[in-house]
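These are my notebook entries from a first look through the model, kept in the order in which I looked things up.

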Amino acid sequence: MAVMDPLDPGVASGHLILSGLEKVFVTRKSSVRALDHIDLSIAPGEFVTLLGPSGCGKTTTLRIIAGFEVPTSGDVLLDGQSMLEVAPDRRPMAIVFQSYALFPHMTVWENVAFGLKQKKLPAAQLKEEVEQALTSMGLSHMRDRAPGQMSGGQQQRVALARAMVMRPKVLLFDEPLSSLDAKLRVAMRSEIRRLQRRLGITGIYVTHDQGEAMSMSDRVVVMNDGRIEQTATPVEIYRHPASVFVADFIGRANFLKVDDVHPAGDGLARVAVLGEEFDTQSAPGATLTHSVLLVRPESIRLAPVAEQGIAGRVGRVLTTVFYGESVEYVVESAQGNITAVAADPHEADILVPGTWVEVGFDRRRTWLLPAGSQGTDLADAGYRAV
Ligand code: ATP
């Protein structure tokens with residue numbers, strides 16, 4: 001039976017496992033626990049995003065995978081073999097940086113050919129591979145330019161071509177789109193996904209842009225303070241976040257105070273919120289005494305009423321912001337400030353500040369969460385209770 005050699009680029013696989021990764025940075029005056037036991041298994045060809053606030057450990061995780069950083073403990077396994085003893089340039093991986101990291105004195109062609117020359121590829125094959133990479137990235141006509149003569153988006157395309165020409169098993173992305181303007185970033189998201197899918201390479205993408213993570217990923221890994229809070233598909237992360245931290249980090253969130261909770265079987269809970277009693281889906285760990293109800297702003301319904309005075313479900317519109325495709329309201333209520341978003345608003349239906357409204361919501365879109373779970377304080381997560 002043939003033994004699989006993960007360093008042989010001819011073997012198509014790319015199953016990456018991070019096992020119990022810990023990283024403590026020791027400086028002269030203090031030590032920082034950047035990673036606190038990271039376990040993650042990424043399937044061959046999967047595209048996974050590491051997402052989280054600044055300092056949560058995303059870059060450290062990526063740098064350990066690439067071999068630029070050594071973990072304090074734990075292992076990085078690619079197709080069953082530890083990478084820890086393998087030098088960065090010997091790992092079957094390529095990395096695309098925010099800063100492009102192109103050689104400024106070389107042409108586009110030379111930049112893309114560089115890695116293959118190091119590998120001492122026969123000249124004819126090298127030429128063919130470089131031509132193919134340039135063509136697929138739409139760069140053939142720029143082959144003789146220096147990076148300094150190109151736009152940011154074009155330079156990032158060169159960086160992608162340079163990475164893919166090496167046929168890595170794992171492609172690492174360190175905030176590659178952060179320097180580009182908003183429109184180009186959106187265009188490049190699908191370009192990166194198209195490329196990664198076509199080549200069947202495992203992709204790990206670091207970002208703190210939730211839009212990027214949600215639109216590109218098979219699975220999103222939400223990190224907080226060196227730990228993984230949740231790993232799930234974008235839909236699952238948005239609809240069924242594991243914690244208040246995840247709910248608040250991904251998208252916009254209202255956390256409504258729950259007056260009464262009872263178990264209702266099948267993972268459901270019977271709750272009383274804003275004077276209504278109904279069954280809602282519930283996250284593991286939500287307790288009868290210490291839970292909040294997540295309602296996304298687009299699930300909140302506002303109906304003008306004649307009544308005045310903040311009580312029960314009646315509140316008052318504080319602000320109205322028109323975005324074209326939607327209107328966003330902040331409503332003062334007995335539950336604190338509630339954010340509501342109405343899509344595709346008709347001009348006559350837009351509620352002006354001061355309007356008295358009844359606050360309702362789509363019950364099917366609610367989710368009961370442990371309050372302040374996993375070390376996250378509701379106050380930190382933007383809980384706006386009275
Ligand atoms: P950002 O989005 O700001 O890049 P991040 O999630 O990528 O943040 P890391 O760069 O991985 O976070 O840093 C995690 C923690 O480790 C932070 O507290 C950071 O200050 C610390 N850290 C990172 N590199 C070092 C280092 N070389 N020496 C000491 N501390 C470090």
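Entry on the largest pocket. I looked up its lining in this predicted model and found 27 residues, with Pro88, Asp89, Met93, Gly115 and Met166 lying nearest the centre of the pocket. For the space inside, I noted about 860 Å³. When I asked which elements contribute, I found that β6 (93-97), α2 (108-118) and α4 (152-164) each supply at least two residues of the lining. Sorting the lining residues by character, I wrote down 17 nonpolar, three polar and seven charged.

Entry on aromatic rings. I counted six aromatic pairs. I then looked at Phe47 and Tyr205, whose ring centres are 5.7 Å apart and whose planes meet at 45°, so I recorded the pair as tilted. Because Phe47 lies in strand β3 (residues 47-51) and Tyr205 in strand β8 (residues 202-207), this pair ties together parts that are 158 residues apart in sequence. I checked their exposure and found that Phe47 and Tyr205 are both buried. Following the ring pairs further, I saw that they link Phe47 and Tyr205 with Phe173 into a cluster.

Entry on confidence. For the protein chain I noted a mean pLDDT of 88, with 93% of the residues reaching 70 or more. Confidence is highest in strand β4 (residues 73-78), at a mean of 98, and lowest in strand β12 (residues 260-265), at 83. I also marked two stretches where pLDDT stays under 50: residues 1-11, for which the model has 20 contacts beyond four places in sequence, and residues 373-386, for which it has 32 such contacts. I keep in mind that predicted coordinates should not be read in detail where pLDDT is low.

Methods
Residues are numbered from 1 along each chain as its sequence is written. This is a predicted model: local features need pLDDT of at least 70, side-chain atom pairs count only at pLDDT 80 or more; totals for chains, interfaces and linings use all residues. Side-chain values use heavy atoms; hydrogens and water are left out. pLDDT is the predictor's confidence in each residue, from 0 to 100. Helices (H or I, at least four residues) and strands (E, at least two) are DSSP runs, numbered from the N terminus. Contact means heavy atoms within 4.5 Å. On a 1 Å grid over the protein atoms alone, a cavity is a set of points where a 1.4 Å probe fits but cannot get out, and a pocket is an open set with protein on both sides within 12 Å along at least five of seven lines; lining residues have an atom within 4 Å of a point. Grid points are joined across faces, edges and corners, and a volume is the space filled by probe spheres set on the points. Ala, Val, Leu, Ile, Met, Phe, Trp, Tyr, Cys and Pro count as nonpolar, Asp, Glu, Lys and Arg as charged, and the others, Gly among them, as polar. Rings of Phe, Tyr and Trp (its six-membered ring) pair if their centres lie within 6.5 Å; planes under 30 degrees apart count as stacked, over 60 as edge-to-face and the rest as tilted. Buried means under 20% relative accessible area, exposed over 50%, partly exposed in between (1.4 Å probe, protein chains only).
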